[in-house]
Structures are given as C-alpha cells and as structure tokens.
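Please work through the exercises below with the sequence and the structure at hand. Each task is followed by a solution in steps.

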Number of protein chains: 2
Amino acid sequence: MTQHSSIRVAVNGYGVIGKRVADAVRLQADMELVGVCDIASDWRLRPLEEKAIPLYAASDETAGPMRASGLSVAGTLDALLQTADIVVDCTPKRVAATNVERYRARGIKFIVHGGEKHAVTGHSFVAESSFASAIGRQSTRVVSCNTTSIVRTLSVLKRAGLLKRARGTLLRRATDPWESHEGGIMNTLVPEPEIPSHQGPDAQSVDPDLDVVTMAVKVPETLAHLHYWSVQMTRAAEKEEVLGAFGASSRIALIRTTDGLTAINTVKELMADLGRPHDNLYEVALWEDMLRTEGDELFYAYMVDNQAIVIPETIDAIRALTGLASGADSSIALTNASLGIRQRLF
Amino acid sequence: MTQHSSIRVAVNGYGVIGKRVADAVRLQADMELVGVCDIASDWRLRPLEEKAIPLYAASDETAGPMRASGLSVAGTLDALLQTADIVVDCTPKRVAATNVERYRARGIKFIVHGGEKHAVTGHSFVAESSFASAIGRQSTRVVSCNTTSIVRTLSVLKRAGLLKRARGTLLRRATDPWESHEGGIMNTLVPEPEIPSHQGPDAQSVDPDLDVVTMAVKVPETLAHLHYWSVQMTRAAEKEEVLGAFGASSRIALIRTTDGLTAINTVKELMADLGRPHDNLYEVALWEDMLRTEGDELFYAYMVDNQAIVIPETIDAIRALTGLASGADSSIALTNASLGIRQRLF
C-alpha cells in the first residue's frame with residue numbers, strides 16, 4: 001500500500017448501500033473515492049457521470065453492454081483495485097464471498113457487509129464496540145442494519161452496568177423503496193419462521209457478552225425497521241438513568257412522540273427537511289417519551305433506517321483497517337461531523 | 001323475563017362485531033335472534049331483509065331517514081328491547097356506555113364489548129377464565145380481541161403451572177377491511193405512544209393473577225393482529241410440554257409454517273376455503289413450529305382475527321348471564337360445534 005495524503009477507497013457494488021457509502025466517503029477529508037464498480041446498464045448508474053465518479057465494470061463481459069448503453073466505463077474491477085488502498089464490497093448478499101478471494105490474492109484491505117457470514121472476515125464491526133480490535137486488520141464485516149442497532153443500544157446498557165438480558169421483536173420493512181414495484185408484500189404480515197431470528201446471534205458476533213434473543217416479522221412498508229425491546233436489567237433503575245446511559249452513544253438520537261414524531265414516516269420526512277442525502281437516518285431513533293422502566297425491567301422502541309444506519313460504521317471501519325484513526329472516538333467524531341450525525345435531531 | 005324455549009337475543013349495532021354476533025346467535029339451538037338495531041341508511045343494512053332479520057332504529061329521528069332510504073324498520077330500540085331477554089351491545093366504542101342506563105332502567109340483561117371500560121359492568125368475560133363468575137349476572141363485558149387472545153393463551157400456561165410473567169409485542173391491523181378506504185395508514189408504522197399498552201391491564205381485569213406487559217404498534221394491513229411473546233416460565237420446560245398445555249384450550253388452533261401457512265393472508269384464505277362466514281378465524285392461530293423454549297424461557301407468535309375472535313365469547317356470555325348453561329365447558333362445546341371451532345384447522 002503506497003502512502004498517500006488520503007486513503008484511496010473503491011466501492012464494489014453501487015446499490016442501496018454502495019451509493020450511500022460512496023457519497024459518505026466523498027465527505028471525508030482523509031479519504032478519496034477512486035471509483036465504483038457495478039454490472040448494471042440501466043438508470044441506476046447514470047448519476048455517476050454528473051457526480052464525476054469513475055465507473056468500472058465487474059468484468060470484460062459486463063463492460064460491453066454497459067458501454068453499449070452509453071455508460072463511460074474506465075476499466076474493470078482489477079484496474080479499480082490497482083488504484084485503491086481499500087475496497088468496500090457492497091455487492092448483493094452472498095456475492096461478496098466470491099470476491100473475497102480476489103481481494104485476498106491482491107493483499108488489498110476490504111470490508112464486507114452484514115449479508116455475509118462472520119467467518120468471511122473473522123471480525124464483525126460496530127464502531128462503538130469493536131473499532132479497537134479492527135485496527136490494522138486486512139478485513140472486517142460491518143454487520144447488518146438490525147444488528148448494528150442492537151449492538152449500539154444494548155452496548156450502552158452493558159457499559160452502564162444495566163444489561164442482564166434483552167428480548168426483542170423486530171418489525172422488518174418488506175423491501176427497499178427503489179425495488180418496491182417488484183414483489184414487496186401487501187396487506188399481510190410474514191413471520192420469520194425461525195425463533196429466535198438470526199439477529200441475536202449476529203449481535204453476539206460483535207460482542208459475545210450480549211444476552212439477546214430476537215424474533216422478527218416482515219411488515220408491508222418500505223421505510224425502516226422498528227424494534228420493540230423488553231430488557232431485564234441487573235437492578236432496578238429509573239427512566240432518567242436509562243436515558244442517561246443511552247446518551248453515552250453519539251449514534252442514538254432520542255426523539256419524542258410529543259414533537260409529532262409519532263410514526264416512522266414523520267421521522268423520514270424530517271431527515272428530508274434536514275437536507276440529508278436520500279433522507280438518511282444514520283442514528284438509531286429511540287422514542288424517549290415511550291421508554292418505560294418497571295423495577296428492574298425496561299421497555300422501549302426505536303426506528304432503524306436499514307438503508308443508512310451502516311454507512312457511518314462503514315466509514316469508521318475504513319479508518320480502523322487502514323490505521324487512519326488510532327481509536328474509535330476520533331474516527332466517530334470525524335464521521336459524525338461529516339454526515340451531520342447527532343443525538344438531538346433538532 | 002318470561003321463560004321461553006329459547007333465549008331471545010337482541011343485537012344493538014350491526015357493524016363488524018354486531019353482524020357476526022347476529023349470524024352466530026342464529027346458529028345456536030338455544031337462542032333466537034329477535035332483531036337488530038342500527039342508525040345507518042346505506043348498503044350495510046340491506047342484507048338484513050334477505051336474511052329475514054327484523055331491523056329496528058335507534059330512535060324516531062333515525063327511523064325516518066332509514067325508512068326514506070327504503071329500509072323496512074320494525075320500530076325503535078325500545079320496542080326491540082321489549083321483545084328480548086338479553087341485548088348484546090355492539091355499538092361503537094364509548095357509545096355503549098350511554099345505552100347502559102337504558103338497559104339498567106329496563107332490567108334487561110346486557111353485554112358490552114371491549115371498547116368499554118371494565119367499570120361499565122364490573123365484570124370482564126373470557127369463556128375459559130370467567131364464565132363461572134358471570135352466571136346469573138345482569139351484565140358483563142366481553143373483552144377486546146387482543147385481550148381475549150392474551151387471556152386464552154396465558155391462562156393455559158397459568159393452569160399448567162408454567163406462567164411466571166409474559167411480555168408481548170402486538171402488531172395491530174391498521175383498520176378493518178370494510179372501511180379501509182377511509183384513512184388506514186399506508187407504508188408506515190405507528191407505535192402506540194404508551195408503553196405498556198392497555199391490553200396488559202385489560203387482561204388483568206379478567207384474571208388479576210396474570211403478570212403481563214404489552215407494547216403495541218399499528219401496521220399497514222387490515223387482516224388481523226399478530227402477537228409476539230417472550231414468556232418467563234416458572235421452570236424449564238420442553239416445547240412438547242408447552243404445546244400440550246396449549247392443547248387444553250379448545251380455542252387455540254395450532255398451525256404450521258411447513259403447511260404453507262407462512263403469513264396471515266394464507267390463514268385468512270384457509271378460513272374462506274373452509275366456508276366460514278366472513279372468513280372468520282375464531283381461534284387464536286398459534287404457530288407450533290415457530291414456538292421455541294430455551295430453559296425457562298418461552299417464545300411464540302400467533303394471529304388474532306380482530307373481527308371474529310370475540311364472537312364465540314359473546315355467545316358464551318349470553319349463556320352465562322341467562323343461565324342457559326351451568327358451566328363453561330357445556331357452553332363452549334355448544335358454541336364450538338355451532339361455529340366449527342377446532343384445535344386443528346385441517
């Protein structure tokens with residue numbers, strides 16, 4: 001890896017996550033986006049030219065149709081990887097696993113996302129919990145949106161000495177907005193057939209200490225996930241103490257129904273009003289006025305923007321792997337400032 | 001009250017619940033439907049003539065427009081009450097409370113539904129739990145759909161000596177199908193602002209022993225509610241023992257995702273295929289293959305047809321108040337047989 005004034009980042013896969021990662025990388029003073037790679041020939045890659053982001057094709061086979069459709073293709077993935085210090089793989093679930101051998105052969109650092117298994121990299125990443133153990137590694141896996149939210153929230157309770165065990169019900173959005181014309185569910189509810197669902201064990205891949213069980217159900221909406229939690233605390237605690245504990249995470253935003261934020265659509269609209277790209281909600285949005293303690297029990301609900309929550313974690317993971325930051329706090333501070341992440345949305 | 005060969009039942013309010021109660025009463029050998037009362041002039045009351053069910057108007061003021069629209073009106077509520085031994089009030093939430101004084105003044109037995117407060121009758125009814133204490137009373141309240149399902153399921157765990165405490169997340173249908181053109185939510189999730197939600201205390205109005213806490217969220221579908229439960233048992237128990245306990249209730253049907261019943265719409269379609277009126281699911285439909293025990297913890301999910309689940313309870317409540325049955329078992333058996341209620345749907 002040649003030393004540069006900034007880390008050169010490639011993004012492989014320009015979908016829901018990839019395009020947001022690319023935008024976020026371009027906002028970092030210590031990073032340079034050298035290009036993105038994809039296989040599509042349709043509308044999805046057209047904004048790249050206006051953004052002056054170099055586009056690469058996954059292979060010679062895909063480069064042909066892409067060029068024929070009018071896209072400017074700078075080369076193939078191999079060429080892109082030659083120009084980069086690190087690649088963020090944002091290809092669809094299970095595809096990244098096949099790219100990994102290529103990254104390893106080149107010795108390039110790489111990040112995969114939550115669709116891949118923990119074993120693909122042997123390390124799972126949430127900035128506030130596992131930044132230190134990622135420093136200097138060749139690779140890590142930024143866990144899924146749901147798991148990221150679980151680790152963010154339960155970790156603060158753990159660090160405050162309050163967490164005994166947590167049991168959660170996850171309402172999962174049916175599909176992403178951009179593809180909601182292609183088979184999202186309508187007017188029904190679809191339980192995940194496995195109880196517990198996979199997010200609990202996945203959170204334990206970041207922090208094995210967390211005693212967490214999840215159940216999940218798919219619901220007919222596209223905006224975000226919604227989690228409901230019943231937590232057994234180590235002792236009785238008042239609401240104010242718990243809210244104080246959540247305040248220790250810069251990536252949990254406390255919101256109130258009394259501000260009119262009574263449903264997930266209103267929170268998404270607020271993100272648009274704040275001028276965030278793609279109306280991204282990077283924070284876990286947790287309703288402070290709904291939160292309730294009863295003796296040693298704690299109940300609360302929060303919203304997870306599945307398209308956005310892993311973006312800041314991915315930026316921090318780049319800093320951890322490449323040694324751009326010496327610790328979680330400095331990286332998180334840079335990322336938060338660049339993306340406008342905050343604990344109060346207004 | 002004059003003695004008749006069968007109990008004469010009046011239904012006040014011919015909406016989602018009232019029309020199902022009327023249908024169910026007509027299927028009981030020991031009951032006679034003497035008429036229904038309503039205030040509407042539109043399509044909703046047109047099927048009554050074909051069913052030969054006498055229609056009464058709530059008052060002289062409403063009788064005029066109803067007759068003008070072509071409906072045959074036999075008289076007003078007062079006349080209907082004169083012909084009945086018991087009235088089942090199915091008017092909208094909070095309206096019944098104003099009717100109650102009229103019922104009391106006449107000394108007629110009456111049943112209200114879960115939209116009213118416990119104090120309106122001082123007794124809350126779920127057949128398997130509180131039939132005995134309702135016998136001979138002037139009135140009772142059949143609790144709401146969600147509460148009925150909670151009492152049915154948690155009571156069997158309690159009777160099996162397994163229930164310590166239960167924490168549930170309730171996904172509530174947005175609106176009923178017949179009025180889903182008028183403001184049901186779309187593409188969002190709306191948390192109930194109060195944690196705990198009211199269903200837990202409501203279940204305790206039937207059985208104060210139940211240690212239950214609920215959280216609720218409105219989801220954009222119209223078919224049914226879906227509940228997710230985390231239960232702390234009194235001791236470790238295997239899945240088979242828990243399923244055996246649920247088998248003690250004739251109103252819990254065990255279903256399987258492996259039969260293709262992977263979502264609430266498929267269960268509703270099965271009800272139609274079984275020829276049930278309005279595709280009614282009277283049972284709590286509980287997924288036996290999703291149910292999971294982990295030591296002394298229990299996790300499961302079930303579906304609640306909010307339009308149908310209280311119908312059998314209402315029929316049983318009629319028998320309890322009027323002394324038509326000496327105990328829960330005989331009434332439940334009659335009701336189940338008449339409505340086709342069973343523990344295995346096929």
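The exercises treat two annotated sites, a sheet, an interface and some backbone features.

The model is predicted: local features need pLDDT of at least 70, side-chain atom pairs count only at pLDDT 80 or more, and totals for chains, interfaces and linings use all residues. Residues are numbered from 1 along each chain as its sequence is written, chains are lettered from A and ligands numbered from 1 in the order in which they are written, and side-chain values use heavy atoms, with hydrogens and water left out.

**Exercise 1. Describe the surroundings of the two residues that carry the UniProt feature "binding site".**

Step 1. An unreviewed UniProt entry places this feature at A:Asp38 and A:Asn306. UniProt positions are given in the numbering used here, feature names are shortened, and annotations may be inferred rather than shown by experiment.

Step 2. Locate A:Asp38 in strand β2 (residues 31-38) of chain A. A:Asn306, in turn, is in the loop between β15 (297-304) and α11 (310-322) of chain A. Helices (H or I, at least four residues) and strands (E, at least two) are DSSP runs, numbered from the N terminus.

Step 3. Assess the exposure. A:Asp38 counts as buried because its relative accessible area is 12%, and A:Asn306 is buried with a value of 7%. Here buried means under 20% relative accessible area, exposed over 50%, and partly exposed in between (1.4 Å probe, protein chains only).

Step 4. List contacts, that is, heavy atoms within 4.5 Å. Not counting residues up to four places away in sequence, A:Asp38 touches nine-membered company that includes A:Gly13, A:Tyr14, A:Gly15 and A:Met66. On the same basis of exclusion, A:Asn306 touches A:Ile17, A:Cys145, A:Arg173, A:Asp176, A:Leu223, A:Ala224 and A:His225.

Step 5. Examine the polar atoms. The backbone nitrogen of A:Tyr14 lies 2.6 Å from a polar atom of the A:Asp38 side chain. The side chains of A:Asn306 and A:Asp176 are joined by a polar contact of 2.8 Å. A polar contact is a pair of N or O atoms within 3.5 Å; within protein, one must be able to donate a hydrogen and the other to accept it, and residues adjacent in sequence count only if both atoms are side-chain atoms.

**Exercise 2. Determine in which order the 7 strands of the open sheet in chain A are arranged.**

Step 1. The order is β3-β2-β1-β4-β5-β7-β6, with parallel pairing. The edge strands are β3 (55-57) and β6 (124-125) of chain A, each of which pairs on one side only. Two strands pair if DSSP finds at least two bridges between them.

Step 2. Take one pair in detail. Strand β4 (residues 86-89) of chain A runs parallel to strand β5 (residues 109-113) of chain A, and 3 bridges join them. Within this pair, A:Val87 stands opposite A:Phe110 in β5(A).

Step 3. Add the helices. Helix α5 (residues 96-106) of chain A lies across β1 (7-12), β4 and β5 of chain A, at about 175 degrees to β5(A). α11(A) lies across β1, β2, β4, β5, β6 and β7 (139-142) of chain A, at about 155 degrees to β5(A). Axes are lines fitted to C-alpha atoms, for helices over the stretch in contact, and angles run from 0 to 180 degrees between N-to-C directions.

**Exercise 3. State how much area chain B and chain A bury between them, and which residues of chain B supply more of it than any other three.**

Step 1. Begin with the contacts: 41 residues of chain B are in contact with 41 residues of chain A.

Step 2. The two chains bury about 3500 Å² between them, 63% of it on carbon and sulfur atoms. Buried area is the accessible area (1.4 Å probe) that two parts lose on being put together, summed over both.

Step 3. B:Leu189, B:Ile195 and B:Tyr228 supply 19% of the area that chain B buries against chain A, more than any other three residues.

Step 4. Consider also B:Ile264, found in helix α10 (residues 264-273) of chain B. B:Ile264 is buried, with a relative accessible area of 0%. Leaving aside neighbours within four places in sequence, the contacts of B:Ile264 include A:Thr188 and A:Leu189 as well as B:Trp287 and B:Met303.

**Exercise 4. Identify where cis peptide bonds and positive phi values occur.**

Step 1. Recall the usual case: most residues other than glycine have a negative phi, and most peptide bonds are trans.

Step 2. In chain A, the peptide bond from A:Ile195 to A:Pro196 is cis, with omega near 0 degrees. A:Pro196 is in the loop between β9 (190-191) and α8 (199-206) of chain A. In chain B, a cis peptide bond joins B:Ile195 and B:Pro196, with omega about -5 degrees.

Step 3. A:Arg94 has a positive phi, near 75 degrees, and is in the loop between β4 and α5 of chain A. A:Arg94 is partly exposed, with a relative accessible area of 45%.

Step 4. B:Ala52 has a positive phi, near 55 degrees, and lies in the loop between α2 (47-51) and β3 (55-57) of chain B. B:Ala52 is exposed, with a relative accessible area of 64%.
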